[in-house]
Amino acid sequence: MATIERPPAVDEEKLMQFVFRAVDEVGATLNAALVVMGDKLGFYRALAGAGPLTPDELAARTGAAERYVREWLNAQAAGGYVEYDPESGTYELPAEQAVALTDETSAAYLPGFFQIALGSVIDSPRITETARSGAGLGWHDHVHDVHEGCERFFRPGYNAHLVASWLPALDGVVEKLQRGARVADLGCGHGASTILMAQAFPQSSFVGSDYHAGSIETARARAGAAGVGERVTFEAVPASAQQGADYDLVTMFDCLHDMGDPVGAARNVLEMLAPDGTWMIVEPAAGDRVEDNLNPVGRAYYGFSTLLCTPASLSQEVGLALGAQAGEARIREVVESAGFTRFRRVAETPFNLVFEARP
Ligand SMILES: C[S@@+](CC[C@H](N)C(=O)[O-])C[C@H]1O[C@@H](n2cnc3c(N)ncnc32)[C@H](O)[C@@H]1O
């Protein structure tokens with residue numbers, strides 16, 4: 001019978017520590033599906049502010065089947081998402097979890113993060129195949145949870161920072177927006193950033209574009225619902241497409257690294273901008289070296305990068321595949337090689353870096 005050779009000097013205690021850490025991670029992996037389930041079935045919203053509830057009560061309030069609700073609650077209690085009281089057999093959502101799981105206006109709002117993670121995992125068998133061949137997988141090819149999760153993940157951060165701190169950090173841009181500026185938001189997805197800027201600056205006009213026609217359809221509906229449909233138009237075109245000239249501001253939110261040819265897209269931005277125009281680039285927070293990103297945020301972003309961003313870029317011409325953890329030095333290289341003469345970092349959060357590039 002074949003025996004398995006063990007490396008010498010295995011520390012059994014460290015081995016078991018690793019195994020139990022992995023148990024926690026398997027629970028966390030499954031929890032992505034459970035959080036999305038709780039969000040879609042309204043469990044968190046029914047629990048928020050309701051005080052202690054039995055599974056029966058939560059089932060009655062949400063119309064879901066009690067046996068599933070009870071099992072879901074136990075998993076949530078084991079993960080520290082809800083608190084269980086054995087005396088009364090009730091479950092309660094703590095106030096902080098209620099904010100993070102139900103308050104869409106909070107910067108701490110989490111369901112979109114889980115939704116895009118779950119969508120990425122659902123699509124992972126296809127990425128396993130492309131990783132063998134080196135082929136790509138386009139953004140448009142993903143399940144809807146990736147598109148909607150992306151919108152819901154990024155919007156709280158844009159709500160918190162875009163108008164309050166990122167735009168004011170750019171040289172002279174807010175004054176132009178207040179007077180009436182022309183703005184193009186490339187790779188806009190569902191248009192969360194475009195609509196937010198349009199709401200804040202009623203004198204200005206906005207064009208959002210994205211190569212994914214499905215996202216643009218959603219963006220148009222969102223703009224209509226937000227009452228800014230008059231001043232915002234959306235076009236289903238790639239960032240390399242001719243989209244007019246003399247823009248005061250061109251923006252890209254978390255999409256430059258997803259593009260196959262970011263240098264080509266940057267050259268196009270240079271042609272679109274007025275001579276004193278500004279390109280604002282928002283990219284995932286990252287250091288320049290791998291070792292700078294070996295932390296929880298880097299871990300999540302390298303994960304998304306493997307399953308979403310790198311295949312997205314590889315699916316397009318050039319396929320530069322910057323990855324979601326490109327870092328400032330690499331982004332500067334892309335921007336300067338396209339012909340921009342000025343580049344600086346103007347803001348950062350734990351999740352994003354914000355750059356200003358000028359012709
Ligand atoms: C991570 S999502 C970000 C979407 C949006 N900017 C946001 O912040 O919610 C990346 C977006 O880049 C778009 N994209 C990828 N390659 C593109 C290209 N070459 N031209 C235009 N859009 C592109 C994708 O369709 C997707 O909507």
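## Two cysteines that stay apart

The sulfur of cysteine 150 lies 8.9 Å from the closest cysteine sulfur, which belongs to cysteine 309, and that is too far for a bond. Looking from the other side gives a matching picture: for cysteine 309, the closest cysteine sulfur is the one in cysteine 150, at 8.9 Å. A disulfide needs two cysteine sulfur atoms within 2.5 Å, so this pair does not qualify. Keep in mind that you are looking at a predicted model.

What does a search of the whole structure find? It finds zero disulfides. Are these two cysteines buried or exposed? Cysteine 150 is buried, because its relative accessible area is 15% and the cut-off for buried is under 20%. Cysteine 309 counts as buried too, at 8% relative accessibility.

## Around the ligand

Now let's turn to the ligand. It sits in the second largest pocket, and 18 residues surround it. The closest of these are Tyr158, Gly187, Asp210, Phe253 and Gln316. Which helix gives the most to this shell? That is helix H8, spanning residues 144–166, with three residues.

## Polar partners and cover

Some atoms of the protein and the ligand pair up as polar contacts. Glycine 187 places a backbone N or O atom 2.7 Å from a nitrogen atom of the ligand. Alanine 239 also uses a backbone N or O atom, 2.9 Å from a ligand nitrogen. Tryptophan 139 takes part through its side chain, with a polar atom 3.4 Å from an oxygen atom of the ligand.

How much of the ligand does the protein bury? Taken alone, the ligand exposes 600 Å², and the protein buries 95% of that.

Definitions and conventions. Residues are numbered from 1 along each chain as its sequence is written. This is a predicted model: local features need pLDDT of at least 70, side-chain atom pairs count only at pLDDT 80 or more; totals for chains, interfaces and linings use all residues. Side-chain values use heavy atoms; hydrogens and water are left out. Buried means under 20% relative accessible area, exposed over 50%, partly exposed in between (1.4 Å probe, protein chains only). A residue is near a molecule or strand if one of its heavy atoms lies within 4 Å of it. A polar contact is a pair of N or O atoms within 3.5 Å; within protein, one must be able to donate a hydrogen and the other to accept it, and residues adjacent in sequence count only if both atoms are side-chain atoms. Accessible areas come from the Shrake-Rupley method with a 1.4 Å probe; for residues, only the protein chains shown count as cover. On a 1 Å grid over the protein atoms alone, a cavity is a set of points where a 1.4 Å probe fits but cannot get out, and a pocket is an open set with protein on both sides within 12 Å along at least five of seven lines; lining residues have an atom within 4 Å of a point. A molecule sits in a cavity or pocket if more than half of its atoms lie within 2 Å of its grid points. Helices (H or I, at least four residues) and strands (E, at least two) are DSSP runs, numbered from the N terminus.
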